[in-house]
Structure formats: C-alpha cells, structure tokens
Amino acid sequence: MSERRPSPVSKNSGNGRNGRGTRRSVWRRALPPEHDDTAGLPGPGSASAAEPGEPPSIVEAALYSDGVRVSTPSTLAETYRELRDTPSSMAWIGLARPTSDELLSLAAEFDLHPLAVEDAMEAHQRPKLERYGDILFVVLSAARYLDTPEEVDFGELHVFVGPDFVITVRHGAAPDLSAVRHRMEDSPDLLKLGPEAVLYAILDAVVDGYAPVVEGVQNDIDEIETEVFRGDPSVSRRIYELSREMVEFQRATRPLVGMLHGLMAGFTKYETDEELQRYLRDVADHVTHISERVDGFRQALTEILTVNATLVTQQQNAEMRALAEAGFEQNEEIKKISSWAAILFAPTLVGTIYGMNFREMPELHWVLGYPFAIVLMAVVCTSLYFIFKRKDWL
C-alpha cells in the first residue's frame with residue numbers, strides 16, 4: 001500500500017496544497033438548492049448494473065486533480081491503481097450498502113480503523129465524529145419528507161476522510177450525494193481545497209436536506225391542530241407517530257451541533273482554510289436552527305397530545321352526562337308506567353277473584369256485593385294514585 005499524505009484537516013493537505021486560486025464567497029453556491037432522490041442511481045463510474053430493485057454498491061468513483069475530474073474508474077482495484085499512479089490526485093468513492101468484502105478491501109488499501117469499518121458494516125449508528133490518526137470517520141443521519149404517506153424517511157451516511165481520499169457509505173435513499181458531487185465538480189476552485197472541502201459539502205447537503213423535512217412536519221402539526229379541535233378520532237395515532245419521528249429527528253440533529261463545534265475547535269490546530277471555516281460556521285448555524293425547531297416540534301406535539309386528551313375526556317364526560325340524562329328520563333317514564341300499572345292492577349284483581357264463579361262464594365248472593373266491589377276498586381285505585389303522586393311518580 002502506498003504511503004499516504006498528511007491529515008485532511010491540515011492546511012497543506014490533499015489537493016489544496018497545489019494552490020488555492022479564487023474561490024466563491026458563498027458556500028451554498030457550490031451545493032444543490034433542490035435535488036431529486038437519484039442517489040441510488042449509478043453514476044458515470046458505476047461498477048456494473050444493479051439487480052432489479054437494488055442499487056449498485058459502487059455508486060460512483062472518480063479521481064480529481066486540482067479540482068478537476070481526471071479519471072472515472074469502474075472498480076475499486078482500478079481506483080487504487082490510478083490513485084497510486086497519480087500522487088497529487090484525490091479519490092472520491094461513493095458506495096451504497098456495500099458488501100463486507102468491499103469494505104475490507106477499502107480498509108486494507110486506505111488503512112481504515114477496524115472499529116470504523118465495523119460501524120460502517122453494521123450501520124444503525126448514531127451521528128458522531130471520530131478521528132483515527134490522519135483519518136476522520138463521520139456518521140450522519142439524513143432525512144427526507146415523503147409527501148404521499150406524510151412521514152419522514154431517515155437514511156444513514158458514513159464518511160471516511162483521509163489525506164487523499166473521501167469514501168461515502170450510504171445506507172438508505174437519502175442524501176443525494178450525486179447532486180453534491182456534480183455541484184462540487186462545477187466549482188473546481190472549491191473542490192481543489194481537498195477532502196475536507198468534500199466533507200463540508202456533504203455536511204451542508206445533509207443539513208440542507210433537513211429544511212424540507214421541517215416544513216413538512218410544520219404542515220403536519222398545523223393539520224393535526226385542526227383535526228384535534230375538529231374531534232377527529234384518528235388524530236391521536238397520528239400525533240403519536242409524528243412524535244416518534246421527532247424523537248428520531250432529534251437523534252439525527254442534536255449530535256451534529258457538538259460535532260460541528262468540535263470541528264471548529266480544531267481550526268487552529270489543523271490550520272483549516274479560512275474559507276472552509278466560514279462554510280462550516282454557516283453549516284453549524286443552520287444545524288443549531290434546525291435542532292431548535294425540532295425541539296419546538298416535539299414540545300408542541302406533547303402539548304397537542306395533552307390538549308387532545310383533555311378534549312377527548314370532555315367529550316367522554318359529555319357523552320356520559322347525556323347517557324345519564326337519557327337514563328334518568330327513561331327511569332321517570334318507567335315510574336309512570338309502573339304506577340298506572342299498579343293502579344289498574346287493583347280493579348283487575350277484584351274482578352278476577354269474583355270472575356272465578358265458584359259455587360261457595362257468599363258475596364255473589366249479597367245484595368250490596370256489587371256496589372261494595374265497585375267502591376273497593378275505587379278506593380284502592382284512588383289511594384294508589386295519591387301515594388304515587390306524593391312520591392312524584394306521576
């Protein structure tokens with residue numbers, strides 16, 4: 001393996017040592033303001049056609065000299081060979097879900113630390129920045145907003161930055177690194193600053209990708225607020241799902257603040273180019289703003305969930321009160337029906353007894369039997385009426 005050059009964060013590292021030239025004053029001019037989700041498509045240097053539905057491992061590999069692409073190798077072996085033959089060049093290798101053999105090949109060629117390689121193989125890492133000698137290992141969590149399902153899709157990106165190489169290992173559809181590469185190639189004065197310029201471009205692309213997510217989430221929260229006060233029964237589930245996405249969004253953005261401040265703290269030690277220092281500060285400002293917005297979203301969702309629970313409780317109380325009132329009214333009707341049934345039962349009982357027509361019934365031959373029966377019925381019915389009336393059953 002050929003001898004590597006000094007640290008990529010050194011002022012004289014990479015291609016930047018061959019002269020700075022005139023650079024653009026605004027970092028965002030070198031990055032795509034809007035881009036499509038085409039990161040999974042093979043670039044000019046793709047190794048081979050992918051299987052249907054699967055992106056190729058080598059998305060694109062290229063060698064650059066003085067900010068200009070000089071070669072587009074089709075394999076890793078060809079990339080190694082051309083990089084050795086051109087000491088002043090820089091290799092930028094983009095991989096998507098590479099195999100373990102490919103990562104081990106890269107580790108052997110570029111002297112990558114085993115722990116970093118293991119992280120890149122396993123994925124599912126939290127955003128972090130680690131230094132292994134003159135090589136930086138950066139883990140980023142990218143995000144994109146999907147309009148149709150109205151949800152946030154997260155992807156993971158691992159970046160190895162060495163003295164004369166940049167290796168990106170992407171797990172997921174985001175971010176669109178092909179757009180970053182094309183924009184950087186359109187700005188050779190920026191690209192010739194070396195691997196550290198590529199790293200900052202990737203950082204800025206990831207952070208820029210958070211902006212549409214923030215806008216999409218803001219729209220979702222506005223819709224949720226409307227649904228909450230409209231009494232939509234499915235809104236609780238939507239609040240819960242969006243809250244979970246915001247927890248993951250926090251995990252993606254919060255560590256970036258510390259990572260970028262760590263890079264800024266090393267400006268003097270590693271003699272980082274002044275223009276790149278400005279770019280990194282700009283990225284750090286955007287990350288801080290995004291992180292604060294995400295924290296605000298999570299707090300807002302917590303408050304909305306509390307309000308929704310209160311409204312649901314009030315609605316349930318109102319329904320219970322309505323049921324209680326309906327039950328009370330029904331009970332009053334039952335009382336009235338029962339009272340009249342009892343009143344009518346008295347004459348029915350007397351009439352039933354004397355309707356049996358037994359021969360030995362002395363009252364049947366009594367002259368006053370009939371008037372007595374009628375009076376008895378009237379007295380019983382009247383008494384029951386006043387009793388029920390006094391109890392407010394009638």
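These are my notebook entries on the salt bridges in this structure.

**Entry 1, overview.** I'm working from a predicted model here. I looked up the salt bridge total and got 15. Background reminder to myself: opposite charges on side chains can pair up once the charged atoms come close. I picked three pairs to go through.

**Entry 2, R238 and D220.** I found the side chains of R238 and D220 joined in a salt bridge, N to O at 3.3 Å. R238 belongs to helix α7 (residues 235–265) and D220 to helix α6 (residues 195–230), so this bridge ties together parts 18 residues apart in sequence. Buried or exposed? I checked R238 and D220. R238 has 18% relative accessibility, and because the cut-off for buried is under 20%, R238 counts as buried. D220 is buried too, with a relative accessible area of 2%.

**Entry 3, E241 and R237.** Next I looked at E241, whose side chain meets that of R237 in a salt bridge at 3.2 Å, N to O. Both sit in helix α7, four residues apart, which is about one turn of the helix. I have E241 down as partly exposed at 38% relative accessible area, while R237 counts as exposed at 61%.

**Entry 4, E332 and K335.** My third pair is E332 with K335, a salt bridge with its closest N and O atoms 3.6 Å apart. These two lie in helix α8 (residues 274–354), three residues apart, about one turn of the helix. E332 is partly exposed at 22% relative accessibility, and K335 is partly exposed with a relative accessible area of 22%.

**Entry 5, shared partners.** Which residues join into one network through salt bridges that share partners? I noted E150, D220, E223, E227 and R238.

Conventions: Residues are numbered from 1 along each chain as its sequence is written. This is a predicted model: local features need pLDDT of at least 70, side-chain atom pairs count only at pLDDT 80 or more; totals for chains, interfaces and linings use all residues. Side-chain values use heavy atoms; hydrogens and water are left out. Buried means under 20% relative accessible area, exposed over 50%, partly exposed in between (1.4 Å probe, protein chains only).
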